[in-house]
Amino acid sequence: MRGSASVPKRTVVAFHAHPDDEALLTAGTMAKAAAQGHRVVLALATDGGQGLAASDFHDGPGLGSRRLDEARASAAALGVARVVWLGYADSGMGGSVPPPTGDRVPFVAAPLDEAARRLASLLAEERADVLLSYDARGGYGHRDHVRVHEVGAAAAALSGTPVLEATIPRDLLAAAVRASARVYRYPPEFDIHAFTTAYSPRRDITHRIDVIRYAAAKRASMRAHASQASADGADRTLAAFLRIPRPAYDLIFGREWFRDPALPLAAPIRRGIFAGLG
């Protein structure tokens with residue numbers, strides 16, 4: 001039963017590029033929706049097999065398999081009902097796109113219409129009320145994240161599903177990174193100035209979701225992605241996040257943001273992902 005006349009129950013599909021992306025961008029919103037009785041589905045484009053991780057995580061079944069297991073643990077912490085992998089391989093952060101492995105094609109090498117149909121089929125199967133995707137920049141520009149935006153927009157059009165693009169106000173993010181750099185030594189390759197053009201300007205934000213009550217679930221989601229907090233001889237951003245003591249962690253990660261491409265600029269801020277759905 002999808003709900004009652006007084007309290008309609010919805011279904012949200014959160015579409016992410018790699019395991020652990022959900023923990024950083026939408027985990028609080030997913031946990032909040034699940035706690036309110038809505039059905040939450042996590043859709044992953046890739047297995048994250050090209051991600052950075054300590055060498056131990058590459059042994060045995062391989063990094064991609066381990067990261068999918070981590071995504072399932074993250075989903076359990078958030079109350080997610082189902083995890084779906086669309087079957088694509090991780091395209092890697094930069095350089096040449098890796099070749100296909102068997103029948104697993106790198107996400108950015110897959111035809112847009114094919115990937116969109118896969119996602120649209122899931123949206124139809126789940127009778128999704130809203131799709132969570134990414135903004136046009138793919139957040140910080142990772143090519144798989146940009147592809148999530150493209151595929152998400154195309155699938156939403158095919159299925160007629162409203163879409164909200166997960167993002168962060170870039171001015172707020174840039175200020176937070178500058179402030180944190182005073183007390184945290186980022187690795188040399190970390191470009192602080194890149195955040196001045198990442199994600200979305202504040203004026204584009206249409207939804208600001210208060211998730212502070214679900215910060216513990218979001219932290220558990222992050223902790224589930226152990227491989228992404230690991231590295232040989234280096235520190236990782238996720239590991240640094242997990243060292244932030246509470247309640248500081250709750251304050252930093254207590255809000256999540258989205259933009260609705262169907263709403264005009266300067267539209268009133270909405271406080272829930274189902275606002276306006278009727």
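**Helix 4 and the seven-strand sheet**

The buried residues of helix 4 are covered by elements including strand 1 (11–16), strand 2 (39–46), strand 3 (82–88), strand 4 (130–134) and helix 6 (143–159). The model is predicted. Strands 1, 2, 3 and 4 belong to an open sheet of seven strands.

**Helix 4**

- Helix 4 runs over residues 112–126, and its 15 residues should span 21 Å at 1.5 Å a residue. Its end C-alpha atoms are 21 Å apart, which agrees.
- Ala115, Ala116, Leu119, Ala120, Leu122, Leu123 and Glu126 are buried in helix 4.
- Seen down the helix 4 axis, the buried residues fall within an arc of 155°, so they line one face.
- An α-helix has 3.6 residues a turn, so residues three or four places apart point the same way.
- Ala124 and Glu125 are exposed, on the other side of helix 4.
- Arg127 comes just after helix 4 and takes a positive phi of about 50°.

**The sheet**

- The strand order is 3-2-1-4-5-7-6, and the pairing is mixed.
- Strand 3 and strand 6 (207–210) are the edge strands, each pairing on one side only.
- From one strand to the next, the twist averages 25°.
- Strand 5 (residues 163–167) and strand 7 (residues 255–259) run antiparallel, joined by three bridges.
- Glu165 stands opposite Arg259 of strand 7.

**Helix 6 on the sheet**

- Helix 6 packs on the sheet and touches strand 1, strand 2, strand 4 and strand 5.
- The direction of helix 6 makes about 150° with that of strand 4.
- Helix 6 also helps cover the buried residues of helix 4.

How values were computed. Residues numbered from 1 in each chain as written. Predicted model: local features only at pLDDT ≥ 70, side-chain atom pairs only at ≥ 80, totals over all residues. Heavy atoms only, no water. Helix = DSSP H or I, 4+ residues; strand = E, 2+ residues; numbered from the N terminus. Expected span 1.5 Å × (residues − 1). Buried < 20%, exposed > 50% of the residue type's maximum accessible area, 1.4 Å probe, protein only. Arc of directions from axis to C-beta. Contact = heavy atoms within 4.5 Å. Pairing = 2+ DSSP bridges. Axes fitted to C-alpha atoms, helices over the stretch in contact; angles between N-to-C directions.
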